[in-house]
Amino acid sequence: MAASPSTARAINDRFALRLLQDEGPLTATQLKTLTGLSRPTVADLVERLQGSGLVHVVGEAGAERRGPNAKLYGIVADRAHLAALDVRTRSVSVAVADLLGTTLAEASVPVGDDSPTGPAVEKAVALLERTVKEAGADRLHSVAVGAPGLIDPATGELRDSSGLPAWHRRLVGVLQERLPAHVLVENETNLAAVAELREGAASDREDFVLLWLGQGVGAAVVLDGRLRRGASGGAGEIGFLPVPGTSGLPSATGCDGGFHELACAAAVDALAAAHGLDPAGALASGHGPFLDALARRLAVGAAAVVSVLDPGCVVLAGETGHQGGPGLAARVEGELAALSPLRTEVRATALGDAAVLRGALLRARDAAQDELFP
């Protein structure tokens with residue numbers, strides 16, 4: 001069944017805007033070539049998008065740089081402003097960007113373990129307000145928050161979780177109350193996976209699992225190019241995976257006894273100390289016995305994921321994955337090959353500590369573009 005003229009126009013407009021997002025400024029001739037549309041259709045499309053305030057002339061192309069065919073059209077970047085928050089147990093980082101996703105301002109503040117809920121929330125909100133002002137943004141269109149813990153797939157809200165600060169959940173509510181913006185919340189590991197998929201270590205993959213190895217331990221699952229959250233939003237809660245070599249079994253209220261006990265930051269520090277190393281520099285030390293022992297631990301958790309999903313690729317992220325780098329990834333790949341017949345490439349994060357914040361910006365940009373683009 002053929003699309004109506006209005007539907008066809010909307011499809012063409014959105015296609016052109018996506019091209020301008022991905023390719024940068026283009027001439028009408030380039031848009032014609034990339035879309036396969038006729039010259040009159042492209043001319044009408046450009047006129048509509050200019051009239052809607054989404055596209056404007058940003059320069060000229062060609063040797064002579066003159067004439068209507070030389071005009072370069074680009075998305076109006078300041079049509080909307082976005083914000084991203086990376087909420088950790090002891091800190092908050094904020095970035096503000098334009099509609100193209102270009103970062104305009106960035107800042108972070110520590111939040112002490114003993115900070116009461118109210119002051120901690122106000123500290124985070126004040127940081128956001130200062131960063132928005134520094135970016136020169138009048139108001140925010142979309143805000144994406146990355147935080148540890150489970151996100152309810154039905155409501156999109158951060159669930160109450162034992163072991164996580166109470167101010168995390170309260171912060172999301174305060175932002176929704178105070179900001180005239182669309183506020184989204186997503187698990188931090190999932191956002192890191194989105195960033196690695198679109199701009200990082202897994203940009204050439206459609207299937208992969210990201211292992212988040214830091215103070216907490218988790219995983220994000222990407223299959224067929226899509227993030228998979230699971231029925232209750234808990235896909236990838238690998239910290240609760242029962243494994244040999246721990247103190248017992250995990251429970252519904254705690255992951256002691258699970259993979260977390262072998263792979264969290266505290267466990268990595270203890271392993272380094274047992275090898276006579278300063279934990280602060282152990283991952284970058286090149287100390288073979290320590291890295292081999294750590295790789296064996298990580299391979300146990302990776303093997304469990306691989307045996308079920310067969311993703312073909314595992315990305316090591318978080319503090320341990322970032323500091324261990326390609327050397328640790330290669331060791332884990334070797335150990336994994338001995339545990340599983342399923343060939344799996346192991347890569348180190350390409351985005352490091354910036355992965356969560358970048359993923360949150362991408363999520364906010366997608367939300368804004370979904371609403372603003374026809």
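Me: In this predicted model, what makes strand β9 (residues 217-223) and β10 a pair, and in which sense do they run?
Reply: Two strands count as paired if there are at least two bridges between them, and β9 and β10 are joined over three bridges in the antiparallel sense, so the condition for a pair is met. Within this part of the sheet, Val221 stands opposite Arg228 in β10.

Me: Where do these strands belong, and what is the order of the sheet?
Reply: They are part of an open sheet of five strands, ordered β10-β9-β8-β11-β12, whose pairing is mixed.

Me: Why are β10 (226-228) and β12 (345-348) said to stand at the edges?
Reply: Each of the two has a single partner strand, so one side of β10 and one side of β12 remain without a neighbour in the sheet. From one strand to the next, the twist averages 25°.

Me: Which strands does helix α10 (residues 318-339) touch as it packs on the sheet?
Reply: Helix α10 touches β8 (208-213), β11 (313-317) and β12, and its direction makes about 160° with that of β12.

Me: What makes the buried residues of helix α8 (residues 265-274) lie on the same side?
Reply: The residues concerned are Ala265, Ala267, Val268, Leu271 and Ala272, which are buried, that is, under 20% relative accessible area. They cover an arc of only 160° around the axis, which puts them on the same side of α8, and what covers them includes α7 (259-263), α9 (288-309) and α10.

Me: Which exposed residues does the face of α8 turned away from its buried side carry?
Reply: That face carries Ala266 and Ala274, where exposed stands for over 50% relative accessible area.

Key:
Residues numbered from 1 in each chain as written. Predicted model: local features only at pLDDT ≥ 70, side-chain atom pairs only at ≥ 80, totals over all residues. Heavy atoms only, no water. Helix = DSSP H or I, 4+ residues; strand = E, 2+ residues; numbered from the N terminus. Axes fitted to C-alpha atoms, helices over the stretch in contact; angles between N-to-C directions. Contact = heavy atoms within 4.5 Å. Buried < 20%, exposed > 50% of the residue type's maximum accessible area, 1.4 Å probe, protein only. Arc of directions from axis to C-beta.
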